[in-house]
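I opened the notebook to look up the ligand and the pocket around it, and I have put the entries down in the order in which I checked them.

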Amino acid sequence: MERTLIILKPDCMRRQLAGRVISRLEDAGLRIADCKIMVLDEKLLNEHYAHLTHLPFFLEITDFMESVPVMVIILEGNGAVERVRNLLGPTDSQKAPAGTIRGDLGLDKMRNIAHASDSVEAAELEVARFFR
Ligand code: ADP
């Protein structure tokens with residue numbers, strides 16, 4: 001069974017949307033394999049967002065991501081990685097189509113509800129990183 005990792009981000013947690021997001025994923029047939037609430041620290045975020053360190057908004061993202069505890073969830077199901085990315089929609093909530101989680105609930109590029117692994121390889125690395 002394929003696994004993927006999602007993080008319900010601070011905007012989702014603050015706005016108390018976690019239940020709605022999880023329901024949408026479960027309704028699509030994905031199963032929660034493991035789950036925890038944690039405060040992300042600088043070391044973890046530097047690893048997780050290593051591909052963004054050169055960008056001008058990197059500090060803004062890490063400040064945002066460590067601002068309140070987030071929910072980290074391992075989901076499993078057939079084709080889980082691609083399915084969850086499709087259910088989430090594109091990064092920019094303003095451009096995400098209606099019917100996607102970001103399109104319906106997200107606010108902007110940064111406050112876009114959730115992170116989801118973008119490949120099977122990334123999912124394996126991220127599961128190991130967040131559930132070590
Ligand atoms: P995704 O999360 O869709 O895979 P990226 O890996 O490109 O997207 O970016 C990681 C996260 O960084 C995004 O989910 C978003 O929270 C934030 N981000 C990306 N681009 C911007 C931007 N232009 N301004 C502010 N935050 C951004």
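How far does a polar side-chain atom of Arg85 lie from an oxygen atom of the ligand? I found 3.0 Å for this pair, taking a polar contact as a pair of N or O atoms within 3.5 Å.

I noted that this is a predicted model, in which local features need pLDDT of at least 70 and side-chain atom pairs count only at pLDDT 80 or more, while totals for chains, interfaces and linings use all residues. Residues are numbered from 1 along each chain as its sequence is written, and side-chain values use heavy atoms, with hydrogens and water left out.

I then looked up two further contacts: a polar side-chain atom of Lys9 lies 2.7 Å from an oxygen atom of the ligand, and an N or O atom in the side chain of Thr91 is 2.6 Å from a ligand oxygen. On its own the ligand has 530 Å² of accessible area (Shrake-Rupley method, 1.4 Å probe), and the protein covers 81% of that.

Next I listed the residues around the ligand, counting those with a heavy atom within 4 Å of it; among them are Tyr49, His51, Phe57, Arg102 and Asn112. By class, I recorded 5 nonpolar, 3 polar and 4 charged residues in this shell, with Gly counted among the polar ones.

Finally, I checked where the ligand sits, and it is in the largest pocket, where sitting requires more than half of its atoms within 2 Å of the pocket's grid points. A pocket here is an open set of points on a 1 Å grid where a 1.4 Å probe fits, with protein on both sides within 12 Å along at least five of seven lines, and lining residues have an atom within 4 Å of a point. I divided the lining residues into 9 nonpolar, 5 polar and 9 charged.

Conventions
A polar contact is a pair of N or O atoms within 3.5 Å; within protein, one must be able to donate a hydrogen and the other to accept it, and residues adjacent in sequence count only if both atoms are side-chain atoms.
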